[in-house]
Amino acid sequence: MARPRVRLVVTADDFGYCPRRDEGIVEAFLAGAVTSVSLLVNGAAAESAAELARRHRIPTGLHANLSEGRPVGPARHGASSLLGPEGFFLGKMGFREAVAAGEVVLPQVRGELEAQLSRFRELLGRDPTHVDGHQHVHVLPGVCQVFAEALQACGVRFTRLPMERGVGGCAWLEAPARAFACAVEQDARAAMGPFARHGLRSVPPTAYPCPLRPAAVPLMPWHLQVDRCLRGPEHLRPAHVRSPRVRGTG
């Protein structure tokens, strides 16, 4: 009996954050290590990143951002529960605290998400292959419902469920990082219902010996992965990976 084919999807987040990061992501895509990217449409390099995605035909989704930088939607033009006094998003933990306190106006979340989807279409000329959340904001209580409704309305079918079983037992993670990862997993489990009801699909959760990235599959024991990370990437990087084709247009 033929064995079922398994497709490994490796998505690089934060595409559009800055040119150097984008260059590394494209190098990884050309080398076959990355299969898709998630674009920050409010990133400093969003336009050049979109050009790279078009040039290299990279499958691209939206990395919905409600926690860092400035908005692209109606919140730019007035007071918003999504922003601090300087006009920036509230930050990774600040946004979570505001959601938990009931201070975030969910229709404003919907407006910003729709604006980012619209900006994505302007940059790429098409709909995203998937939508996930920068710093996993898309699975937060209340936000996940708005997220699911908006994606269903625009026809997006795929998202991410950042569920990493066993993350609470990773002693090598510092306590704050471990607590954050556990909280994200708890939120992701609660988001499964709203996502399913609105037709969103995700990679099934898998038991991991350590947290890497959501939907990442460890290919070696975790202690060897950590050792390689600590020693740096140079011994892992083939000489042919760097390519002048990666360079942006300006």
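Me: Is Arg-189 buried, partly exposed or exposed, and what is its relative accessibility?

Reply: Happy to help; keep in mind that this is a predicted model. The label partly exposed covers values between the buried limit, under 20%, and the exposed limit, over 50%. Arg-189 falls in that class, as it counts as partly exposed with a relative accessibility of 39%.

Me: Which residue meets the side chain of Arg-189 in a salt bridge?

Reply: Side chains of opposite charge can pair when their charged atoms come close. Here the N to O distance is 3.0 Å, and a salt bridge requires a nitrogen within 4 Å of a carboxyl oxygen. The two residues sit four apart in helix 6 (residues 175–197), so about one helical turn separates them. The partner of Arg-189 is Glu-185.

Me: And is Glu-185 buried or exposed?

Reply: Buried means under 20% relative accessible area. Glu-185 has a relative accessible area of 11%, so the class is buried.

Me: Which residues does Arg-119 form salt bridges with?

Reply: Arg-119 itself is partly exposed, at 23% relative accessibility. One partner lies three residues away in helix 4, about one helical turn along. The other is in helix 2 (residues 46–56), 72 residues from Arg-119, so that pair links distant parts of the chain. With closest N and O atoms 3.1 Å apart in each pair, the partners are Glu-122 and Glu-47.

Me: Are Glu-47 and Glu-122 buried or exposed?

Reply: The cut-off for exposed is over 50%. Glu-47 has a relative accessible area of 55%, while Glu-122 has a relative accessibility of 56%. Both therefore count as exposed.

Me: How many salt bridges does a search of the whole structure find?

Reply: The pairs of Arg-119 with Glu-47 and of Glu-185 with Arg-189 are among them. Searching the whole structure gives a total of ten.

Me: What is the volume of the largest cavity?

Reply: The count of cavities of 30 Å³ or more comes to one. For the largest cavity, the space inside is about 40 Å³.

Me: How many residues of the lining of the largest cavity are nonpolar, polar and charged?

Reply: The lining includes Leu-66, Val-109, Leu-113, His-138 and Phe-147. Helix 4 and helix 5 (143–154) each give two or more residues to this lining. Val, Leu and Phe count as nonpolar, whereas His falls among the others, so His-138 is classed as polar. The division is seven nonpolar, one polar and no charged.

Note on methods. Residues numbered from 1 in each chain as written. Predicted model: local features only at pLDDT ≥ 70, side-chain atom pairs only at ≥ 80, totals over all residues. Heavy atoms only, no water. Buried < 20%, exposed > 50% of the residue type's maximum accessible area, 1.4 Å probe, protein only. 1 Å grid on protein atoms, 1.4 Å probe; cavity = no way out; pocket = protein on both sides within 12 Å on 5 of 7 lines; lining within 4 Å. Points joined across faces, edges and corners; volume = space filled by probe spheres on them.
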